[in-house]
Every structure is written in structure tokens, then in C-alpha cells.
Amino acid sequence: MSDSIKGPAAPPTKLDGSPLRIAIVHSRWNKAVIDALVAGTIAKLKETGVKESNIVVQSVPGSFELPLACSKVISGSHVQAGATATDLLGGLTSLTSPNPNSRTSTPAPQVASMPQQPFDAVIAIGVLIKGSTMHFEYICDSVSHALMRVQLDTGVPVIFGVLTALTDDQALERAGIGRGASKGHNHGEDWALAAVEMASHSRKWS
Ligand code: DLZ
């Protein structure tokens, strides 16, 4: 057992994710770490009872794109539906909605026109690793502030699943795939629990 005092305490009541619809918006930079974090998040969401069909996954290029994507996913105006967790685990990365202004030549997939339950929480997942320029500092700062703004502006919990690592090893360990004797801990699991707890609170508060 670790003698560290760090980390989240257990929630006061048992978490029940069964009524919840959760979106995961993740960047694709530092993919090995991202993949482990997304998998850890999905596995823990399902453990709490969130139905696979109620987990929607959307990818964006980098962490800088996370705040706008989270905002759009919440408002449902551009990104109507991403891949479900089932699609993702089956190898599909993301589906985008029909967009008349889109410059892509790929035909837009058919999106069911059934009214969808709004998202109860969004988990923003990114991995920033410090390089030799100031890029890291600017992105960390702007993304963390913008994600906070999205949740305060929309009232939908946005979970801060952005690793701000100083080294590759720090990032790998926080995704549970460390290269040392200890593989570390997958923080995606904690983000899933935070999402289910905040989504449940949010339903009671509104
Ligand atoms: C450009 C860049 C760099 C250098 N590093 C990262 C990173 O470590 N993690 C990450 O998620 N994204 C990085 N990016 C990409 C930016 O987030 C963004 O996608 C581009 O600047 C385009 O807006």
C-alpha cells in the first residue's frame, strides 16, 4: 500500500451512472497516453453503470481545441454525435455531423434524428508535455481557463482530464502505462468517477 496522502477520497454515497449520458472529448496529441486514458475512463464509467450507448466519444487534433469542442458538444450545434464507446473500442475514431460549411469531401454519416438526452457531463482529455518553447505554458493556461469557462457558462460539468506533464514519463505514469517498476495510476478512472459524481449532483441541483 502507498503511504502517500495524495488523491481523491471516496464519494460519500455510492455512484450510480445508469441514468447518465456522458461525452468524452479527447485530443490526439501524444496518442499512446491518450488511448490509455480514454480506455481507463470508459472502463470506469461502465463500472459505475453508465450504459455504453450513453458514452459518446469525439476526438479533436490537440488540447487547444478541447474547449470549443466541449462547448459545441454540450450545445449540440455542430457535433451531434461522435463514435459511441462501442465504436471506439471497435477501432472507429469519430464521426462528425453533417455540416453544410464543411470542406471535407467525406460523406457525412447518417445521424439518427431521435431527440437525444442532453449530456450530464463532459470529460475533456488531453496530454500536454513540456517542450523547449513556451507553447506548453500558453496552452496549459488557456485550456484550463477555457474549460472552466465552458462549465460555468453552460452549467454542465466539464471534467479537467488534461495532463500537464513535464516529462514523457510523468505522462505515461499518469495513464497507468509507466516504463518503470510501477506502471503508475490511470487518471482516466478518477475523471470518470468525478464525472458521474458531478453529473449526479448537477441533476439534483437543477
Ligand atoms: C502544437 C502542440 C504542441 C507543441 N504540443 C502539444 C501537446 O503536447 N499536447 C497537445 O494536446 N497539443 C499540442 N499541440 C497542438 C495544439 O494543442 C493545437 O492542436 C495546435 O496548436 C492547433 O491549434
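Me: What makes a residue count as near the ligand in this predicted model?

Reply: A residue is near a molecule if its C-beta atom, placed from the backbone, lies within 6 Å of it. In this predicted model, 15 residues surround the ligand, and the closest are Ser 27, Trp 29, Gly 62, Ser 63 and Phe 64. Strand 4 (121-129) and helix 4 (135-154) are the elements that give two or more residues to this shell. Strand 4 provides the largest share, 4 residues.

Me: How do the residues of the shell around the ligand divide into nonpolar, polar and charged?

Reply: The shell holds 7 nonpolar residues, 7 polar residues and 1 charged residue.

Me: Why is strand 4 called largely enclosed by the rest of the structure?

Reply: A residue is buried if 20 or more other C-beta atoms lie within 10 Å of its own. In strand 4, 8 of the 9 residues are buried, so the strand is largely enclosed by the rest of the structure.

Me: How do you know that strand 4 pairs with strand 1 and with strand 5?

Reply: Two strands pair if DSSP finds at least two bridges between them. Strand 1 (22-27) is joined to strand 4 by 5 bridges, and the two run parallel; here Ile 24 has Ile 123 of strand 4 as its bridge partner. Strand 4 and strand 5 (158-165) are linked by 8 bridges, also in the parallel sense, and Ala 124 has Phe 160 of strand 5 as its partner. Together with helix 4, strands 4 and 5 make a right-handed β-α-β unit.

Me: Why is helix 2 said to be largely enclosed?

Reply: The same cut-off for burial applies. Of the 10 residues of helix 2 (residues 66-75), 7 are buried, so the helix is largely enclosed by the rest of the structure. The buried ones are Leu 66, Pro 67, Ala 69, Cys 70, Ser 71, Val 73 and Ile 74. Their cover includes strand 1, strand 2 (55-60), strand 4, helix 4 and strand 5. After helix 2 comes Gly 76, with a positive phi near 70°.

Me: How do you know that the span of helix 1 agrees with its number of residues?

Reply: The expected span is 1.5 Å times one less than the number of residues. For the 17 residues of helix 1 (residues 31-47) this gives 24 Å, and the end C-alpha atoms are 24 Å apart, so the two values agree. Among the buried residues of helix 1 are Val 33, Leu 37 and Lys 44. Just after this helix, Gly 49 takes a positive phi of about 105°.

Technical notes
Residues are numbered from 1 along each chain as its sequence is written. This is a predicted model: local features need pLDDT of at least 70, side-chain atom pairs count only at pLDDT 80 or more; totals for chains, interfaces and linings use all residues. Ala, Val, Leu, Ile, Met, Phe, Trp, Tyr, Cys and Pro count as nonpolar, Asp, Glu, Lys and Arg as charged, and the others, Gly among them, as polar. A residue is buried if 20 or more other C-beta atoms lie within 10 Å of its own, exposed if 12 or fewer, and partly exposed in between; C-beta atoms are placed from the backbone. Two residues are in contact if their C-beta atoms, placed from the backbone, lie within 7 Å. A crossover is right-handed if, with the strands pointing away from the viewer, the path from the first strand over the helix to the second runs clockwise.
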